[in-house]
Amino acid sequence: MRSWMAEGFPKLGNDLEGEAEKCLQELVDRCLVLVCKKSLDGTKIRSCKVHDLIYDLCVREIQRENIFIMNDTVLDYSYSECRYLSMQKMQPFKRVTGDEIDYCPYGLYRALLTPVHRQLRDHDNNDLLKRTHSIFSFHLKDSYFSGLQSELIHFKLLKVLELRDILIDNFPVQILSLIWLRYLSLQCHVNLDIPSEIRKLWNLQTFIVQVPPVFIGRSVLITYPEEIWGLMQLRHLKNVKELGINGYVIDFNSIRDSGLLNNLVHLQQLETLSFIGCFPLFPASASTFPATLKKLMLRFTLLSWSDLDIIAELLNLEVLKVMDYACRGEEWHPNVRRFARLKLLLIEYNDLKYWKATDNNFPVLERLVLNECRYLKEIPIEFAEIHILQLIELTRCLPELGESATRIQKEQEDLGNNPVDVRISNPYDEFDDDEDDDDDYDDYDDVDDEENSYVDVAEDNDNEDSDADAAERDDT
């Protein structure tokens with residue numbers, strides 16, 4: 001959807017995201033796009049696909065309507081050809097098959113070309129470069145990125161530059177000349193300084209700098225200049241709605257002294273927040289968080305269960321995910337504070353044995369998901385009093401916990417409420433030797449194999465639900 005915004009498809013200036021979401025939902029409603037995965041609360045589409053026949057139809061319509069021309073450019077063995085990309089490799093209408101991609105040692109990039117290319121001759125390569133609209137890299141070997149990088153300065157009208165498939169060790173200065181650029185995505189594996197000249201990209205809407213999952217355990221520092229705040233069109237960085245803070249290998253004292261966490265309250269559009277491994281840094285007061293926060297994910301934070309009383313004070317929080325030993329200890333006894341608007345509670349991988357809570361603690365809870373809670377034997381029976389509770393989902397938990405959920409279901413029936421839907425998969429036997437651990441659930445990622453072929457067209461990499469679904473990518 002951010003690519004759509006960069007291409008200028010949504011037209012409502014103040015709510016481009018909302019317009020893009022409507023477009024996607026309309027495609028889904030017409031069965032042109034198939035949803036593969038949604039967020040746990042069902043509010044967002046996380047990944048989708050199209051049937052291969054629909055893909056072919058899209059390509060034909062693009063060509064018929066003169067919207068774009070797809071140009072796949074392969075970088076082959078010859079370094080000399082790679083160096084003189086603009087003169088030898090940017091031939092219009094060049095297409096490659098999947099087999100050619102698989103056997104291409106140095107990868108390719110794909111350019112979306114504006115319709116004017118239909119009037120260009122093969123040797124008009126300079127004009128071709130100037131008229132290219134979008135570039136997406138695919139399997140491009142890092143050492144051969146220099147061939148494309150050296151030519152970037154010639155792509156004068158470029159709006160989308162997707163280099164997430166390439167590891168960079170310094171910011172490509174050629175990008176600074178692309179003043180019409182609206183979408184920029186980079187990936188680095190070492191410390192990266194964004195130059196102050198980034199202010200030249202005054203049309204930039206989306207700016208993503210990722211560290212690939214294989215490097216997440218390392219200390220990689222990405223430094224942004226003060227001038228970044230001068231980019232008034234920037235929607236994905238400055239007007240932050242989703243933020244992830246990863247504290248595996250950093251200087252905790254310097255982060256605390258910098259006052260970084262004290263600035264969270266100033267992110268007045270923040271809705272989704274993730275803390276990963278930040279146990280010395282976790283805010284000590286609910287006033288640190290912005291009032292707009294709706295979703296919070298904690299992972300490897302090693303808090304005490306009583307620390308969740310701070311979270312309970314967040315008046316607009318609707319989703320709480322406590323994952324991978326986010327809390328340690330065997331007992332959770334929430335105090336009189338309540339999670340006023342919490343609709344979804346996910347608890348996963350912990351040592352919790354005793355959970356004492358009432359319906360007053362979770363008055364509007366709709367979905368309770370417990371994964372790998374191997375010591376917990378009982379859900380508080382008071383949950384039967386939560387009349388809007390719709391789902392209790394248990395995965396790899398003790399059979400006693402399943403029996404507890406069934407008791408809540410029966411109690412709701414006796415009270416005349418709509419009984420909660422109880423789903424239990426892969427019950428865990430406490431005497432199990434764990435020999436089947438490799439067959440554990442793959443959180444909500446399962447998509448049935450089908451006879452027909454499909455083309456994956458989009459997958460959201462926002463960290464909030466990707467982590468919940470055991471997908472590790474984080475675009476913050």
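Is Asp 414 buried or exposed? In this predicted model, Asp 414 turns out to be exposed, because its relative accessible area is 54% and the cut-off for that label is over 50%. Asp 414 also has a charged partner: its side chain meets that of Lys 410 in a salt bridge, with 3.3 Å from N to O. Both residues belong to helix α11, where they sit four residues apart, or about one turn of the helix.

Helix α11 is a handy way into the rest of the fold. The helix covers residues 399-414 and packs on a sheet, where it touches β20 (367-371), β21 (391-395) and β22. Its direction makes about 170° with that of β21. The sheet itself is an open one, built from eight strands with parallel pairing. Reading across, the order goes β11-β12-β13-β15-β18-β20-β21-β22. At the edges are β11 (242-246) and β22 (421-425), each of which pairs on one side only. On average, neighbouring strands here are turned by 5° against each other, ignoring direction. At the β11 edge, five bridges tie that strand to β12 (residues 272-276), and the two run parallel. One of the pairings puts Gly 244 opposite Ser 274, its bridge partner in β12.

Back on helix α11, a second salt bridge reaches away from the helix. Arg 407 meets Glu 378 through their side chains, at 3.9 Å from N to O. This one links distant parts of the chain, since Arg 407 is in helix α11 while Glu 378 is in the loop between β20 and β21, 29 residues away. How accessible are the two partners? Glu 378 counts as partly exposed because its relative accessibility is 42%, and Arg 407 is partly exposed too, with a relative accessible area of 41%.

Salt bridges turn up elsewhere as well, and the count comes to eleven. Side chains of opposite charge can pair when their charged atoms come close. Arg 30 and Glu 26 are one such pair, with their side chains meeting at 2.8 Å from N to O. Arg 30 is exposed at 57% relative accessibility, whereas Glu 26, at 41%, is partly exposed. Glu 372, Arg 374 and Arg 396 go beyond a simple pair and are linked in a network of salt bridges.

Strand β9 (residues 206-210) gives a view of the interior. Five of its five residues are buried, so the strand is largely enclosed by the rest of the structure. Both faces are covered: Thr 206, Ile 208 and Gln 210 are buried on one side, and Phe 207 and Val 209 are buried on the other. Strand β7 (residues 183-188) pairs with β9 in the parallel sense, over five bridges. Val 209 has a part in this pairing, as the bridge partner of Leu 186.

Finally, there is Ser 306, found in the loop between β14 (303-304) and α10 (308-312). Its relative accessibility is 46%, so Ser 306 counts as partly exposed. Asn 335 lies 29 residues from Ser 306 in sequence, yet the two C-alpha atoms are 8.3 Å apart in space.

Technical notes
Residues are numbered from 1 along each chain as its sequence is written. This is a predicted model: local features need pLDDT of at least 70, side-chain atom pairs count only at pLDDT 80 or more; totals for chains, interfaces and linings use all residues. Side-chain values use heavy atoms; hydrogens and water are left out. Two strands pair if DSSP finds at least two bridges between them. Axes are lines fitted to C-alpha atoms, for helices over the stretch in contact, and angles run from 0 to 180 degrees between N-to-C directions. Contact means heavy atoms within 4.5 Å. Buried means under 20% relative accessible area, exposed over 50%, partly exposed in between (1.4 Å probe, protein chains only). A salt bridge is a side-chain nitrogen of Lys or Arg within 4 Å of a carboxyl oxygen of Asp or Glu.
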